[in-house]
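Trainee: I have a model open on my screen and would like to learn how to read it. Could you walk me through it?

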Amino acid sequence: MPIDAPQWIADPAALNARLSTHPARVGLDTEFIRERTYWPRLALVQVAIDDDILLIDPLAPGIAEALRPLLTDPSVLKVMHSAGEDLIAFGHACGAVPAPLFDTQIAAALGGIAAGVGYQRLVQELTGVALAKGETRSDWLQRPLSPAQLEYAADDVRHLFVLHDALAERLDTLGRRAWFDEDCDRLLATAADEPERWPHLALRTAQFLDEAARHRLLRLLRWRDRWARERDRPRSWVLDNELAVLLARDPPRDQAGVQRVLDGHPKASRKLAEPMWQALQTPLQDEHEAPPPSEDVDRKALRGLQDAVAARSAELGLPDGVLASRRRLERLLQHGDWPPALSGWRRRELEPALLPLLAAATDVRAAGDAA
């Protein structure tokens, strides 16, 4: 049965009293805003405990500190759905991430239901309940929240225990609990939201740049990430992708040239000409290790890997994309090393089929280089 009506909590003492029961599990979700900041700003925390729903105001003094013991308590299982962004929000606001974790989206994927399934769809599929979607773009920082916002927020944790029970049984029946635990642990390990080492690979236009320009682009993107994180500003406010590619492809001769480029773009950060110029001019220690963009990948070899992954996914009854994404196969093909996301159980399932294909691709590449 779905759990009861929500209770608003904005007092740390009241929160501590309610959490003192040490439940075996809690349902957990957040609402956050990330439109004007790099880090998600925690605006609401929803907690399901036994038959209660707590709507906790993280804007109230002392609440973030009061939440930390629950988040770090190893005896309390945290049931969440698609927890990635929520983990980052908790980590930044509370200095801790929720663990141990049961992510119902991961469980649904490994249980053969769907990859990346949304909470509303999963609730409807497993419980028959159709949830409202009307408050998705609400202002969660306003106070007081409207009754519609409160009900929407409560719904986000109201059914998590039912999902947990059904999905845990499904995983155990399929013998995939170890796979699931590994994926949840990997998700927790990424909660620090560390900058991507090779951010240029996410830009399609990088494929049209020569090697020197790609190095300049990498310098700019790493500088942008560091600047945005340190000052809590969206990346695009610091330097948008289009302008970064322009500066990398046609680098100005001096700082004044960078300033002229910025002055010609209405949304550019005109005051950042000096650090942008320094970033353009300063080689990175590892830039010569930067992988080329995906267009340089052998398309035929990549298709062979994708077909092998699709065949193994079908044998296991896994949805497309769960075993390996195209981007990770591209990295595997380019470098031959198994990326972290393809380690563990995924590597064990894929290696027998992929190793011969990777060896053949290496032979073709060597023959081409020799010619």
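Mentor: Gladly! Let's begin with one side chain: R303 is partly exposed, at a relative accessible area of 45%. Keep in mind that this is a predicted model.

Trainee: Which residue forms a salt bridge with R303?

Mentor: The general idea comes first: side chains of opposite charge can pair when their charged atoms come close. Here the partner is D307, with the closest N and O atoms 3.6 Å apart. Both residues belong to helix α14 (residues 299–316), where they sit 4 residues apart, about one turn of the helix. D307 counts as partly exposed too, at 43% relative accessibility.

Trainee: How many salt bridges are found in the whole structure?

Mentor: The search finds 25. Another one joins D250 to R249, whose closest N and O atoms are 3.3 Å apart. D250 has 45% relative accessibility and counts as partly exposed, and R249 is partly exposed at 43%.

Trainee: And D183, is it buried or exposed?

Mentor: D183 is buried, with a relative accessible area of 8%. It forms a salt bridge with R186, at 3.0 Å between the closest N and O atoms. The two are 3 residues apart in helix α8 (residues 177–189), so about one helical turn separates them. They also take part in a network of salt bridges that links E182, D183, R186 and R346.

Trainee: Let's turn to strands. How do β2 and β3 pair?

Mentor: As a general guide, in a regular strand the side chains alternate between the two faces of the sheet. In this model, strand β2 (residues 25–33) pairs with β3 in the antiparallel sense over 7 bridges. β3 is also joined to strand β4 (residues 52–56) by 5 bridges, again antiparallel. Try following Q46: it is the bridge partner of D29, and its bridge partner in β4 is L55. The hairpin of β3 and β4 has 2 residues between the strands, and D50 takes a positive phi near 55° there.

Trainee: Why is β3 described as largely enclosed by the rest of the structure?

Mentor: Because 8 of its 9 residues are buried.

Trainee: Which residues touch the most other members of the largest nonpolar core?

Mentor: That core has 86 residues, and L15, I56, L110 and L354 touch the most other members. Strand β3 (residues 41–49) gives the most to this core, with 7 residues. Apart from it lies another core of 28 residues, including Y38 and A213.

Trainee: What is L15 in contact with, leaving aside neighbours within four places in sequence?

Mentor: L15 is in contact with I9, L54, I56, I63, A66 and L67.

Conventions: Residues numbered from 1 in each chain as written. Predicted model: local features only at pLDDT ≥ 70, side-chain atom pairs only at ≥ 80, totals over all residues. Heavy atoms only, no water. Core = buried A, V, L, I, M, F, W, Y, C linked by side-chain atoms within 4.5 Å. Buried < 20%, exposed > 50% of the residue type's maximum accessible area, 1.4 Å probe, protein only. Contact = heavy atoms within 4.5 Å. Pairing = 2+ DSSP bridges. Salt bridge = Lys/Arg side-chain N within 4 Å of Asp/Glu carboxyl O.
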